[in-house]
Amino acid sequence: MSLPLATVFLQTTNFIDACYIVAFGLMIYGMSGLTGPRTAVRGNQIAALGMAIAVAATLLRRGEFSGSSTVWLIIAGVAIGTAVGVPAARNVKMTAMPQMVALFNGVGGGAVALIAWVEYRHGFAHDGSGPWSLRVEIFELFGAIVGSISFWGSNIAFGKLQEILPGRPIKLPGAAQSVVNLALFVVAVGVAVVLCAGTHSQLLFIVGILVVAAVLGNLLVLPIGGADMPVVISLLNAFTGLSAAATGVALSNPVMIVAGMIVGASGTILTDQMAKAMNRSVPSIVAGGFGGTVAAPAGATAGAGGGTVRSTSAADVAIQLSYARQVVIAPGYGMAVAQAQHAVRELERALEEKGVTVKYAIHPVAGRMPGHMNVLLAEADVPYDLLREMDDINPEFSRTDVTLIIGANDVTNPAAKNEPGSPIYGMPILEVDRSQAVIVLKRSMASGFAGIDNPLFYDPKTSMLFGDAKASVSDITAEVQAL
Amino acid sequence: MDSLVIDLAVLVLAGFVGYAVISKVPNTLHTPLMSGTNAIHGIVVLGGLLLMAESHGVLEKVLLVIAVAFGTINVVGGFLVTDRMLGMFKHKDPPRSEEGEE
C-alpha cells in the first residue's frame, strides 16, 4: 500500500462506475442538443466530453497498464487513430460526407469484430479449460457477426460512393442472391449456436463467424445502388451501434451499452424514415436492385408517351426567375456531383436582391445520405430556415411561380403519384408539377438512378436547361444580375 | 440482481431513451446526427483498452492495437467532423451575439 490514498480512491470500482454514469449521462444530454441547429454545436461538444470522461475512467482502472508493453500499445493505437482521424475530419469535403460516414461506420464495426475475436480467445486461457461464460460468448458472437457485416458492408458502400466500385447493382442472377444471403446468415447463426453449445474452436470462430459474416456483408451491399444509399448507410450505422452495445454487455460495461444503444436507436429510426420516404420496405431494399431486373421493364413503358422536351437558355431562365414572386429550388444528388451549392447560393442572393422570395425544397432521400442536401447548402451559407422539408413545402407549390430543379429527378417524378404501374408508385415526392412553371437543370436526358422515365420533363410547363449544373447556375446568376 | 439482468435492463432502457431523444432530431440535422453517432459508437475503444492488459501473444496485441486505432478514428474523427459541419448551420439573422462561439 505505497500508493497515495487519493490514487487508491480514484481506482476504486465505484468511482470508475460513477464516472461511467456521468459519461453516458453527458452523451445522452449532448445528443438531445441535436434537436435544433442552435443547440447542436454545444451538444456535440458535451457528448465529446462524456466520451473523454469514459476513456479517462477506463485508463484509471487498477491494472490497466499492467504488463510491460501495455502502455505503449495503447499509445500506439490512439496515436494511429488520431493520425488518421484528425486529418480526415479536417479535410473531407462536404460533398464527400456520405463516404466519410460509411468509412466511420466500417471502422467501428471492425473494432467490434476484432475485440470479439480477442475476447473469444480469452476463453481458451488457463490451458484450454478456460472460464467459458455463455453470457460473454453469446454477446461476443453477436458482436462478431454484426460487426463483421458492418465492416465489410460499409467498405463496399464507401467504394461505391467514392466510385471505386460501380454504383450500379452488382448481383447474382435471379433469386440466387437472396438464397445465398439467407444461407450465409443461417450458417453464421448455426455456427454461433454450435460454439455456444460447448464446441470451443478458434478455427470455427474465424471461418464460421468472421469470414461468413464478411462475405455476407459484401453480398448485402454490392447489389444496392446509388439512390438506396441513404437507407444502407443508416442500416449499417444501426448495426455498428447494436454490435457495440452487445460488446458492452459481454464486458459488463454500462457506458458501452448505453452509447451503443443510442446509436442503434438512431440508425434504426433513420433507416425507417428513409425507407418510408422511398415507399419501400427495408427487406426489399436489402434484397437489392432498383433499376434491376424487376423494375426496368415497367419503367421503360411508363411515362414518355412520345412527348417532346422543351429546351431553354440561361437568359430565358433568368427572366423567368427575376419576374417571379416565389421561386422554389429543389436540389438533388446532381447538385452534389457538380459541387454547385455555392453557385446556387449566389443565384438565391441575386434573386432576393430583386425581391424574389426563394425557398429550398428538400426531399428526405435527396442525395446519398440522410440530410445530405442540408449539409451542402449549409456549407454554402444558406440559412437553414430557408430549407423546407417535403411536407412543409408541398402545399406551397401551387403558390410558386417557378420551381428550379437542380440535379434531382426521381424525387420529383409525378409518376409516383399518377401511374400505378410505375416502380416508384406511392413514393412521396416533391409536388413540383403543381407550380406555374418548372425549370429542370440536367446534364442530359439520361434517366435518374432508378432508370425510370420522368413525365415531368414532357410537361408543357416544363423547360429544360442542359449542361453542368454549376456552370448553368452561374450563367443564370450572371444573366439575373445583368437584367 | 444478477449483473447480466442489470446489464440487459440498461440495454433495454437505453434503447428507449435513444429512441425518444433521436426521434426529435429534424431532417436538417440528419447528416450531423449520423457523424455524431459515428463518434459515439467509437465507445468500442473502451473494449480495446479494457482487454489490452489481459491479452497475451502477438496476435491478440496486434488485433487490439488495430481495434483501439479504429475506435480512436471514430471518436476523434467523428466529433471533429460533426463540429465542423454544425458550425456551418446558420440562422437567417446574423446577430447572434449571445453565443460567443469558441
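What follows walks through a predicted model of two chains, A and B, from its confidence scores to its helix packing and its sheet.

Residues are numbered from 1 along each chain as its sequence is written, while chains are lettered from A and ligands numbered from 1 in the order in which they are written. As this is a predicted model, local features need pLDDT of at least 70 and side-chain atom pairs count only at pLDDT 80 or more, whereas totals for chains, interfaces and linings use all residues.

Confidence comes first. The predictor gives the complex an ipTM of 0.90 and a pTM of 0.87. Chain A has an average pLDDT (the predictor's confidence in each residue, from 0 to 100) of 87, with 92% of the residues scoring at least 70. For chain B the mean is 88, and 89% of its residues reach 70 or more. Helices and strands here are DSSP runs, numbered from the N terminus (H or I over at least four residues for a helix, E over at least two for a strand). Within chain B, helix H1 (residues 3-23) has the lowest confidence, at a mean of 93, and helix H4 (residues 57-86) the highest, at 95. Then there's residues 95-102 of chain B, where the pLDDT is below 50; beyond near neighbours in sequence, this stretch has two contacts in the model. Two residues are in contact if their C-beta atoms, placed from the backbone, lie within 7 Å. Chain A has a low-scoring stretch as well: pLDDT stays under 50 over residues 290-305, for which the model has 38 contacts beyond four places in sequence.

Now for the place where the chains meet. Chain A puts 99 residues into the contact and chain B puts in 77 residues. Several elements of chain A each supply at least two residues to this side, including helix H2 (13-32), helix H3 (37-60), helix H9 (229-250) and strand S3 (387-389). The biggest giver is H5(A), with 17 residues. Sorted by class, the side of chain A that touches chain B has 61 nonpolar, 29 polar and nine charged residues. For this sorting, Ala, Val, Leu, Ile, Met, Phe, Trp, Tyr, Cys and Pro count as nonpolar, Asp, Glu, Lys and Arg as charged, and the others, Gly among them, as polar.

Two helix pairs show how this looks up close. The axes of H3(A) and H4(B) come within 9 Å and cross at roughly 165 degrees. Axes are lines fitted to C-alpha atoms, for helices over the stretch in contact, and angles run from 0 to 180 degrees between N-to-C directions. H3(A) and H4(B) are therefore roughly antiparallel to each other; the cut-offs are under 35 degrees for roughly parallel, over 145 for roughly antiparallel, 65 to 115 for roughly perpendicular, and oblique for the rest. Their crossing is left-handed, the near helix being turned anticlockwise from the far one by less than a right angle (right-handed if clockwise). Among the residues making the contact are A:Asn44 and A:Met51 of H3(A) and B:Phe79 and B:Asp83 of H4(B). In total, that contact has seven nonpolar, two polar and one charged.

In the second pair, the axes of H4(A) (residues 70-91) and H3(B) (residues 45-52) come within 10 Å and cross at roughly 165 degrees. That makes H4(A) roughly antiparallel to H3(B), but here the crossing is right-handed. A:Thr70, A:Leu73, A:Ile74 and A:Gly77 meet B:Gly48, B:Leu49 and B:Met52. This contact has four nonpolar, three polar and no charged residues.

Chain A also holds an open sheet of six strands, in the order S3-S2-S1-S4-S5-S6, with parallel pairing. Two strands pair if DSSP finds at least two bridges between them. S3 and S6 (462-466) stand at the edges with a single partner strand each, so one side of each is left without a neighbour in the sheet. On average, neighbouring strands are turned by 25 degrees against each other, direction ignored. Strands S1 (residues 326-331) and S2 (residues 357-362) pair over four bridges, with A:Val328 opposite A:Lys359. Helix H13(A) (residues 314-322) packs on the sheet, touching S1, S4, S5 and S6. H19(A) (residues 469-482) lies across S4, S5 and S6, running at about 130 degrees to S5(A).
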